[in-house]
Amino acid sequence: MKITASITYYYFFCFLLVILLISAKAIAEEGNGNAEQPAEVKKSDFPDGFLFGVSTSSYQIEGAILDDGKSLSNWDVFVRKRGSVNNGDTADIAADHYHRYLEDIEIIHSLGVDAYRFSISWARILPRGKLGDVNPAGIMFYNKIIDNLLIRGIKPFVTIHHYDFPQELLDRYGGWLSPFMQDDYVRFAETCFKYFGDRVRYWITMNEANLLSELAYEKGIYPPGHCSPPFGNCSAGNSDIEPLIAMHNMLLAHSKAVKLYREQFQHKQGGMMGVAVSAMMYEPLSDDELDKEAANRALAFSLAWGLDPLVYGDYPPEMRRYHGKELPTFTSEEKQLLSNSTDFIGLNHYATVYAKDCIYSNCMCSNTTCLPGENRAIKGFVSTITERDGVPIGEPTGMFQTFIVPRGIKEIVDYAKKRYPDKPVFIVENGYCPPWEHGEVDDLQHDTKRVEYHKAYIASLAQAIRDGADVRGYFIWTLMDAFVWSSGYDLKFGLYSFDRVTLNRIPRLSAKWYRDFLRKTSLKDLESRSAIPAINQDGLVPNVKHGSAEMA
Ligand code: BGC
């Protein structure tokens, strides 16, 4: 009898312990903003036809900077300026994807993704911009990529311009600061449509014009390295004005390329034209109305800066209100060209921050956690802050002001749904890089944190879709570690790492997890992937017709 009583107490005690542990876990998760996430997310939580993929960009992985007729790009030159990139890193070799593309496509295939997002190197296919000829070797390289994806049942999702362009265009007229760049870009886009458009259904005209304008012309940390105080001390530039001019030219270039595609290619090729914008989420720092307005203003000055013109034909009213005549204007003809010039919206989402008003509050920068210039129009008079009452907004990552906040992806998608209700959304970048102090090789390879990150963000996205958002795809940034611009190789976002000496690709735990998550269940899926035709010695698939253009 006594024994039975002790066993009962024992079980009761264990039961209590389990309950306590579960509640403690729930409380801990609530602190990190994870409370709304279901424990496990499944591929079947997403609608039919939803595209899961991985993203890369040409400059970050290709290497081969002068092979087969490619010219030097703005980045090839910039990385050689002392102090421009951590550790003096360059992308001369990067992951050598130019020579290892076939192995990489095998890896992509092995993950079981539906689509692969990559970008075209402008300097590889038009080494002298519109002044010169098309480079046949460059065209051949991307034909090989596209063909080898298609025969494996993977949809090519092509970014035309992802930060890199021929240096000659910068030397000749100053790159995106000049309206001449618009026509040069249209020639580049037209070349892509002509040679690749017969097989590409998803186009992204540009990657993050909003972030590029900021980093290249306000902070001066991307080429051409322009800035002025208090944002930085560069040898040239005006941080209050130049980002607005560069953005203006990129928006017009986008709209001209889309017009060309719609008039001359879309009816035959049947693709969709979109754009990718940097999509940081802003939450008000406090319940104060001023901070709520600051969060709305920050969203208008970042996301809507890049999207309002392409949907409604003009800059956000919030920007017009706070900017003076430094914000350029569009002619009525340009407004017409811009209106509805995107078929879908691509969001690159990494960070959620708090927004604090700087119109009525003092936002003078006095410590290293704040950014200079937040009390100026170019920043929308908003200070971005990552903790509230001493509590960080989420767990840290290796990127500045970037914390793990899964609810942010739903919030930014909800914002886009409300502001652009008719536009489908693709998340074309979302990814995690560990903080520096987690740099131990084992941790990096056994990347449980990245797995948890993607599970939580994907779950939050699934909730946005259940709540009515028209989201059609999710791409992990990135397939493998890459050259991360001014951070060089210090930031590691890859599902795969690669050995910098042997260049061997090494799967991380997260690659295995993504593969399991995407595992095909229907026989039809398996069958569509089984028959992969042989390729010839040039890496091309025999009997596939390439493009509508004759080689120059
Ligand atoms: C860019 C990528 C970059 C990533 C991580 C994104 O904004 O599109 O090229 O590697 O951020 O920094």
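Colleague: What makes the pair formed by a polar side-chain atom of Trp477 and an oxygen atom of the ligand a polar contact?
Modeller: The two atoms lie 3.3 Å apart, and a polar contact is a pair of N or O atoms within 3.5 Å (within protein, one must be able to donate a hydrogen and the other to accept it, and residues adjacent in sequence count only if both atoms are side-chain atoms), so the pair qualifies. Mind you, this is a predicted model: local features need pLDDT of at least 70, side-chain atom pairs count only at pLDDT 80 or more, and totals for chains, interfaces and linings use all residues. Residues are numbered from 1 along each chain as its sequence is written, and side-chain values use heavy atoms, leaving out hydrogens and water.

Colleague: Which distances put Asn207 and Glu208 on that list?
Modeller: A polar side-chain atom of Asn207 is 2.9 Å from a ligand oxygen, and one of Glu208 is 2.7 Å from a ligand oxygen.

Colleague: How much of the ligand's accessible area does the protein cover?
Modeller: The protein covers 94% of the 310 Å² that the ligand has on its own, by the Shrake-Rupley method with a 1.4 Å probe.

Colleague: Now Thr56: why is this residue called buried?
Modeller: Its relative accessible area is 1%. Buried means under 20% (exposed is over 50%, partly exposed in between; 1.4 Å probe, protein chains only), so Thr56 fits.

Colleague: What makes Tyr116 a partner of Thr56?
Modeller: Their side chains make a polar contact at 2.7 Å. Thr56 also touches Trp477, among others (heavy atoms within 4.5 Å), not counting residues up to four places away in sequence.
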